[in-house]
Structures are given as structure tokens and as C-alpha cells.
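Trainee: Could you show me how to read a protein model, one feature at a time?
Mentor: Gladly; let's open it together.

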Amino acid sequence: MKTQSLGFIGGGRITKIILQAFENDGITFEKIVVFDINQEVLSSLKLKFPKITVTTDNLQETMQNEIIFIALHPPVIMDTCAKVRNFLNKDSVLVSLAPKLTIEKIAIALGGIPNIARMNPSASAIINKGVNPVSFSKDMQVEVKNKLLELFRSLGSTPVVEESKIEAYAVITAMGHTYYFFQFQKLKELAVSYGMNEKEAQTAITEMLWGTTETLFKSGLSFKEVADLVPVKPMGEVEETIKGYYDQYLNGIFSKIKP
């Protein structure tokens, strides 16, 4: 069930991530059209993916594709829906990549089309390893749902979840990278300063992190038992402070993005 064409409203980070995932996987399309009001963003995207069509003013061409991704921030989505609804038909398939706005609200803004999905991609989709939860409208046709799931496989794991959980995934799996990127980078820098070379440090940290999650979640041990496996805890004095930051900042962002 091959998808022939894609449209993207918004040419920013997530569009780049998705296009890179498809390219990595060798998936090609007869046409990809990306709309964005920022010419600089489009020029950068076109440089990386020369075969795409870019436009700053032709929303109609963007909407006349098999699958259309709405890759915009929540505050501008409703206004955009009002601009594009006249370009849609009952068979149009839209995928919103934003938190906060529900399928029901988007459907109303678009005139009640049935084939709407919400997906929350993560940065690791750029190497086909993302966690990309998806929810479908209750009226979506089964063949359309299967077509989307087949396409999304290139992004990594795509759990089908209740729509009410999309924002939880956004905080944990989409934003979750940012809680660790700087820490892992610092560990790598320290490892190199202690005498490892770059490759050794990267391999050691990758394997350690994999083992850490496997031990914590799959060993059958309680958290206390897992924590007790390592006798020396250099960061022990600041653990409660760090956990407090998690509560403060993640609860705050979740409150902002939930519907």
C-alpha cells in the first residue's frame, strides 16, 4: 500500500526529522510539498532534500496530497485550519503533530473530515529509532489507519495510544531527550578526559545506558534493590534536588500542553 505524495504545513525541525527518517529507510514519493511562511527555513530544507517542492504561499498545492502533516505549534493551528478547510475533501488524511489540540477540535475546524490522526514524534526518529505515539479519529477508515501505520514504521516505535495520553508521551518521550542529551555529552567528555578515546566513550556510555534501563525495568528487582546494586553513588547528595527539578519543570510543562 504505497503512499504516493505527502504535504507538510510547516517546514521546521519535525518535518526535517520525518523526511530524514524516510530517506534513511529508502522510502520515496512521487511528490512532497512543504509549505512554510519562512523562506529561509524552506531554503535550508530544500538544500537537504532537493527533490521536495517548497512554497510560501500555495497552501492549496500542499493540501492536495494523499497525506498531509500539520507540523505547526498549537497557537497557529486553528487559524491554519480555517485557511485550508476549503481545499479538503472527505477522503483527505491529516496528521497533526502538535500537543494540546484534540482530534475533535481539529475535525470541527476542518469541517468534520473523518481521517484525522495525532502523532507525537520524537527526535530519535531522525535515525529511525523514535517513540512516536499515535491516536486516530474514531471515524477513520481501517485501510487509511493501516496505511499510516505502515508509513510510520520508518520513524521507529509507533504505539497506538488513547488520545488522552498523547501529552504524557510528549513530556516523557518527545521532550525526554533534552533531559539527558547534555548529561550524556558531559559523561563522554569526562570519559575522554580520563583516557578513553571518542569511540570507546560512546560505546561504553551507550551500552551502560541500555543496561541501566534493562536492569531497572526488566530485572524483576524493586527500585531500592536496583539502586543498591552499586555501592558508590557520587551524585547521591543531589538526587533529591534533581528529582525536585523534574517535579517543578515537567509538571509545569504538562499543565501547559494538556488539552
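**Reading pockets, burial and salt bridges**

Mentor: Let's start with a pocket: H4 gives the most to the lining of the second largest pocket, with five residues. Keep in mind that this is a predicted model.

Trainee: How is such a space found, and which other elements help to line the second largest pocket?

Mentor: Rolling a probe the size of a water molecule over the atoms shows where empty space is left. Here, the second largest pocket holds about 1100 Å³ of space. Besides helix H4 (74–84), the elements that give two or more residues to its lining are helix H1 (13–24), helix H7 (166–174) and H8.

Trainee: Which residues lie nearest the centre of the second largest pocket?

Mentor: Those are Arg13, Ile14, Ala71, Leu72 and His73, out of 35 lining residues. Sorted by class, the lining has 21 nonpolar, nine polar and five charged residues.

Trainee: Now burial. Is Val34 buried or exposed?

Mentor: The cut-off for buried is under 20% relative accessible area. Val34 has 0% relative accessibility, so Val34 counts as buried. You will find Val34 in strand S2 (residues 31–35). Over the whole chain of 259 residues, 39% count as buried.

Trainee: And which residues make the nonpolar surface patch?

Mentor: Tyr180, Phe184, Leu187 and Met208 make a patch of about 330 Å². Helix H8 (residues 176–193) gives the most to this patch, with three residues. Tyr180 is found in helix H8, and at 35% relative accessibility Tyr180 counts as partly exposed.

Trainee: What about charged side chains: how many salt bridges does a search of the whole structure find?

Mentor: Side chains of opposite charge can pair when their charged atoms come close. The search finds seven salt bridges here. In one of them, the side chains of Arg118 and Glu163 meet at 3.0 Å, N to O. Arg118 lies in strand S6 (residues 116–119) and Glu163 in the loop between strand S9 (156–157) and H7, so this pair ties together parts that are 45 residues apart in sequence.

Trainee: Where do the partners Lys243 and Glu240 lie?

Mentor: Both lie in helix H11 (residues 239–257), three residues apart, about one turn of the helix. Their side chains meet in a salt bridge of 2.9 Å, N to O. Glu240 is exposed, with a relative accessible area of 57%, while Lys243 is partly exposed at 45%. Elsewhere, salt bridges that share partners join Arg118, Glu163 and Glu167 into one network.

Conventions:
Residues are numbered from 1 along each chain as its sequence is written. This is a predicted model: local features need pLDDT of at least 70, side-chain atom pairs count only at pLDDT 80 or more; totals for chains, interfaces and linings use all residues. Side-chain values use heavy atoms; hydrogens and water are left out. Patches are made of residues with over 30% relative accessible area and no salt bridge: like charges are joined within 9 Å, nonpolar side chains (Val, Leu, Ile, Met, Phe, Trp, Tyr) within 5 Å. Accessible areas come from the Shrake-Rupley method with a 1.4 Å probe; for residues, only the protein chains shown count as cover. A salt bridge is a side-chain nitrogen of Lys or Arg within 4 Å of a carboxyl oxygen of Asp or Glu. Helices (H or I, at least four residues) and strands (E, at least two) are DSSP runs, numbered from the N terminus. Buried means under 20% relative accessible area, exposed over 50%, partly exposed in between (1.4 Å probe, protein chains only). On a 1 Å grid over the protein atoms alone, a cavity is a set of points where a 1.4 Å probe fits but cannot get out, and a pocket is an open set with protein on both sides within 12 Å along at least five of seven lines; lining residues have an atom within 4 Å of a point. Grid points are joined across faces, edges and corners, and a volume is the space filled by probe spheres set on the points. Ala, Val, Leu, Ile, Met, Phe, Trp, Tyr, Cys and Pro count as nonpolar, Asp, Glu, Lys and Arg as charged, and the others, Gly among them, as polar.
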